[in-house]
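Open the model in a viewer with the cartoon and the surface both available. The stops below say what to select and what is there.

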Amino acid sequence: MDQHVVALLERLKASGVPVEEIAAKKEEMLKHAKLYENPLLRAGIIFIQGFPVEAVMTVIASFLLKKNNQE
């Protein structure tokens, strides 16, 4: 996470973003990094990110398997 913050800040500096905006973005990123250190919160975030894809794949697989069983 630290490397991600540093890389993002370097990209912002290179693109010519004002210093005030970079400082605000740095504070926001550090706040998110602190939250991400909590293992329960991290697990929740990972679950939420993957759940929509997994749900869609499950529905598609159930329709395909149902169709194959009826034939």
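Start with the cartoon of the whole chain: three helices and zero strands, in the order α-α-α from the N terminus on. The model is a predicted one. Colour residues 2-14 as H1, then 19-36 as H2 and 39-70 as H3.

Next, orient the C-alpha trace along its principal axes, where the chain spans about 65 × 30 × 15 Å. How does the radius of gyration of the chain stand against that of a compact globule of 71 residues? The globule would be near 11 Å, but the chain has 21 Å.

Switch on the surface. About 6,300 Å² of the chain is accessible, and carbon and sulfur atoms hold 64% of that area. Of the 71 residues, 11% count as buried. If you colour by charge, there are 9 positive and 9 negative charges, and their mean positions lie 4 Å apart.

Now select Met1, Leu35, Tyr36, Leu41, Ile45 and Ile46. Together these residues make a nonpolar surface patch of about 500 Å². Which helices each supply at least two residues of the patch? They are H2 and H3, and H3 gives the largest share, with three residues.

Within the patch, pick leucine 35, which sits in helix H2. Is leucine 35 buried, partly exposed or exposed? It is partly exposed, because its relative accessible area of 47% falls between the 20% and 50% cut-offs.

Stay in this part of the chain and show the side chains of lysine 34 and glutamate 37. The two form a salt bridge, with 3.9 Å between the closest N and O atoms. That distance is within the 4 Å limit, so the pair counts. The count for the model comes to one salt bridge. Both partners, lysine 34 and glutamate 37, are exposed.

For the last stop, go to the loop between H1 and H2 and select glycine 16. Glycine 16 is exposed, because its relative accessible area of 59% is over the 50% cut-off. Then draw a C-alpha to C-alpha distance from glycine 16 to isoleucine 45: the two are 29 residues apart in sequence and 32 Å apart in space. Isoleucine 45 is one of the residues of the nonpolar patch selected earlier, so this line runs from the H1-H2 loop to that patch.

Conventions: Residues numbered from 1 in each chain as written. Predicted model: local features only at pLDDT ≥ 70, side-chain atom pairs only at ≥ 80, totals over all residues. Heavy atoms only, no water. Helix = DSSP H or I, 4+ residues; strand = E, 2+ residues; numbered from the N terminus. Rg over C-alpha atoms; globule rule 2.2 N^0.38 Å. Buried < 20%, exposed > 50% of the residue type's maximum accessible area, 1.4 Å probe, protein only. Areas by Shrake-Rupley, 256 points an atom, 1.4 Å probe, with all protein chains shown as cover. Lys, Arg positive; Asp, Glu negative; His and termini not counted. Charge placed at Lys NZ, Arg CZ, Asp CG, Glu CD. Patch = residues over 30% accessible without salt bridge, like charges linked within 9 Å, V, L, I, M, F, W, Y side chains within 5 Å.
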